[in-house]
Amino acid sequence: LVIEMAYLGDVRFTNAMIRAVDRSVDVTLVTGKDVNVLESLGKATLAKLLKRTGAPEHLTIILHPRMVHAKMVVVDGRYCDVGSANFTKLSHGVYDEVNIYVDDTDLAAELTAHALSHTEDGEVLRDKVAYKKLISQIERATVAYQSRNGG
């Protein structure tokens, strides 16, 4: 499972990644070290991933020094999910996000290579990630409110 994602925070996607890691699936997640919105919520999500999985060797989280704006997932080197939807509640229910799902090993290989090329400049997150707990809670509450009220 190779994921490059700008924004995180939807518990459904976080729990899906945790379940994959718990099943011993190799999971690589590339995201930005500093993002322009929902930064604390995203880092709280990374902290949850590390804590709930025990940060095994088959979980690789890369913090890229520049903003990562990609939204892509490659599953089993074959299935590709690429588009504008982030791993946030707003992307899945409020905003008019569009993704395309493709079963194509060549495209999967290209997307994987693209995501992994960002690991060269990034830092591997193994232990803890610093974030502002109060800010992450405010961001989560704001997203929940916006999700219920149409953005």
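Tutor: Helices (H or I, at least four residues) and strands (E, at least two) are DSSP runs, numbered from the N terminus. You are looking at a predicted model, in which local features need pLDDT of at least 70 and side-chain atom pairs count only at pLDDT 80 or more, while totals for chains, interfaces and linings use all residues. Residues are numbered from 1 along each chain as its sequence is written, and side-chain values use heavy atoms, with hydrogens and water left out.

Student: Thanks! In which helix does Thr14 lie?

Tutor: Find Thr14 and look at the DSSP run around it. α1 covers residues 11–22. Thr14 lies in helix α1.

Student: Is Thr14 buried or exposed?

Tutor: Three classes apply here: buried is under 20% relative accessible area, exposed is over 50%, and partly exposed is in between (1.4 Å probe, protein chains only). Thr14 has a relative accessible area of 3%, so this residue is buried.

Student: Which residues does Thr14 touch, not counting those up to four places away in sequence?

Tutor: A contact is a case of heavy atoms within 4.5 Å. With residues up to four places away in sequence left out, Thr14 touches Thr45, Lys48 and Leu49.

Student: How do Phe13 and Phe87 fall, buried or partly exposed?

Tutor: Take them one at a time. Phe87 has a relative accessible area of 9%, so Phe87 is buried. Phe13 stands at 22% relative accessibility, so Phe13 counts as partly exposed.

Student: Which residues have the most contacts inside the largest nonpolar core?

Tutor: A nonpolar core joins buried Ala, Val, Leu, Ile, Met, Phe, Trp, Tyr and Cys residues through side-chain atoms within 4.5 Å. In this model, the largest one has 21 residues, and those with the most contacts inside it are Leu29 and Leu46.

Student: Which elements each supply at least two residues of this core?

Tutor: Both strands and helices take part. The ones that each supply at least two residues are β1 (2–5), α1 (11–22), β2 (27–32), α2 (39–53) and β3 (59–64).

Student: And how many residues are in the other core that lies apart from it?

Tutor: Val2, Met72, Val74 and Leu111 are among the members of that other core. Its number of residues is seven.

Student: Which residues does Leu29 touch, beyond those up to four places away in sequence?

Tutor: Leu29 has a place among the residues with the most contacts inside the largest core. Leaving out residues up to four places away in sequence, Leu29 touches Ile3, Met5, Leu8, Met17, Leu46, Leu49, Thr60, Ile61 and Ile62.

Student: Which element gives the most to the lining of the largest pocket?

Tutor: On a 1 Å grid over the protein atoms alone, a pocket is an open set of points where a 1.4 Å probe fits, with protein on both sides within 12 Å along at least five of seven lines, a cavity is a set the probe cannot get out of, and lining residues have an atom within 4 Å of a point. The largest pocket has 13 lining residues, with Leu1, Ala16, Met17, Ala20 and Val75 nearest its centre. α1 and β4 (71–75) each supply at least two of them. The most, five residues, come from α1.

Student: Which element has the largest share in the second largest pocket?

Tutor: Residues lining the second largest pocket include Thr14, Thr45, Lys48, Tyr131 and Arg140. α1, α2 and α4 (133–148) each supply at least two. The largest share, four residues, comes from α4.

Student: Finally, which element gives the most to the lining of the largest cavity?

Tutor: We have already met this element, which supplies at least two residues to the largest nonpolar core. With four residues, the most for the cavity lining comes from α2.
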